[in-house]
Amino acid sequence: MPRPVNAIDFWRGFALVSIFINHIPGIYFSNFTHARYSLSDSADLFVFLAGWSVRLLVGSGDRLMPTKHVVFRLGGRALQIYAAQVLIAMLAIAMLAAAAMVLANPLLLEWHNAASVFYDPVPTHVGLVLITHQLGYFDILPLYVVLMLLAPVIAVIHRAAPPWVLILSAAVYCITLAVPIRMPTWPVDGQWFFNPLAWQFIFVLGFVLAKDDGLGGFVRRHLVPIRVVGVVILIALFFVQWNSWWHDPTKVPQPRLFFLLDKTYMTPLRLIQFLSLVAVFSIAFPYIDKAVPRLVAFFSLLGRNSLEVFCVGSLLSLAAQITRFVYRGYFGVDLLVVILGVAIMTLTAWLS
């Protein structure tokens with residue numbers, strides 16, 4: 001039997017649908033995702049919930065999983081995600097190649113950082129296997145692989161010295177932004193779209209806040225004032241974003257990444273806005289469940305089978321991009337690709 005609906009599965013399902021829509025550039029329905037009005041988006045939520053879920057998997061108190069089981073379990077999950085990444089990358093390459101042949105348009109071979117796959121295939125295929133070469137819109141799972149490889153280390157440190165988990169994570173995050181430390185891609189020169197050394201911090205925050213003691217306990221005891229502060233931050237940053245009241249990025253002090261808005265490095269402004277969202281909307285799930293239980297059951301179904309749904313959703317997003325390229329993105333086309341896409345993602349979750 002599947003586990004009952006819960007907030008984690010619900011919000012993870014919500015994130016999966018949002019990512020699917022937001023990975024179709026220019027689609028009309030992206031206007032109704034929170035990324036349109038927020039400094040953060042569903043990628044932040046997905047990684048945060050991944051850290052939270054690892055904490056629940058590791059267990060606590062009488063339900064503490066043996067350390068060697070934790071290492072094998074999380075290592076196996078990393079391998080599963082890696083295999084999924086290699087598979088969907090190859091399928092995406094085949095989709096671009098097929099579209100280029102059918103449409104007699106070789107420019108499609110250059111979409112989403114795929115050009116080197118076709119024009120310099122030998123080193124690029126090695127890069128695909130090493131996940132040092134990543135296609136555009138197929139770059140979240142490589143981050144997830146690295147985080148799940150780090151997860152056993154995080155769990156072991158947490159058992160030996162719990163306070164050091166967040167301290168070490170924050171130190172790595174700050175050093176990464178201060179230097180800054182790039183995660184280079186190969187064979188095409190560039191850097192990872194999601195820098196794991198920075199994004200590990202939001203993963204660890206999810207892990208730590210899932211606890212009933214330590215920082216998680218402190219937040220629960222002071223959740224009301226934290227929510228009030230969160231509302232103020234969200235309103236202020238919404239008006240800043242809506243009116244483009246941004247400072248000149250060339251005039252900020254060093255280290256610059258501490259004062260800029262950068263998704264690759266999960267910079268502090270983005271992180272603070274996301275944590276404010278979490279604080280404010282953490283109260284919402286019981287009311288949503290009561291008001292629209294079928295919607296909650298739907299999102300929870302997707303969230304329970306997140307890896308399979310994410311993989312299929314990524315390929316569907318690419319199929320939708322190609323479809324909109326052919327049919328010029330009329331509203332009817334946008335509506336059709338969203339309905340079909342969500343329906344196929346739902347079928348994938350049900351079959352899983």
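The exercises below work through a buried serine, the cysteines and a surface patch of this structure.

The model is predicted, so local features need pLDDT of at least 70 and side-chain atom pairs count only at pLDDT 80 or more, whereas totals for chains, interfaces and linings use all residues. Residues are numbered from 1 along each chain as its sequence is written, and side-chain values use heavy atoms, with hydrogens and water left out.

**Exercise 1.** Determine whether Ser 38 is buried or exposed, and describe its surroundings.

Step 1: Ser 38 is found in the loop between helix H1 (7-22) and helix H2 (42-58), helices being DSSP runs of H or I with at least four residues, numbered from the N terminus.
Step 2: Its relative accessible area is 7%, and because buried means under 20%, exposed over 50% and partly exposed in between (1.4 Å probe, protein chains only), Ser 38 counts as buried.
Step 3: Not counting residues up to four places away in sequence, Ser 38 touches Gln 241, Gln 273 and Leu 277, where contact means heavy atoms within 4.5 Å.
Step 4: A polar atom of the Ser 38 side chain lies 3.0 Å from the backbone oxygen of Ser 40.

**Exercise 2.** State how many disulfides a search of the whole structure finds, and classify Cys 174 and Cys 311 by accessibility.

Step 1: The search finds zero disulfides, a disulfide being a pair of cysteine sulfur atoms within 2.5 Å.
Step 2: Cys 174, with a relative accessible area of 35%, is partly exposed, while Cys 311, at 10%, is buried.

**Exercise 3.** Identify the helix that gives the most to the nonpolar patch.

Solution: Helix H14 (residues 306-327) gives the most, with three residues.

Terms used:
Patch = residues over 30% accessible without salt bridge, like charges linked within 9 Å, V, L, I, M, F, W, Y side chains within 5 Å. Areas by Shrake-Rupley, 256 points an atom, 1.4 Å probe, with all protein chains shown as cover. Salt bridge = Lys/Arg side-chain N within 4 Å of Asp/Glu carboxyl O. Helix = DSSP H or I, 4+ residues; strand = E, 2+ residues; numbered from the N terminus. Polar contact = N/O pair within 3.5 Å; in protein donor to acceptor, adjacent residues only side chain to side chain.
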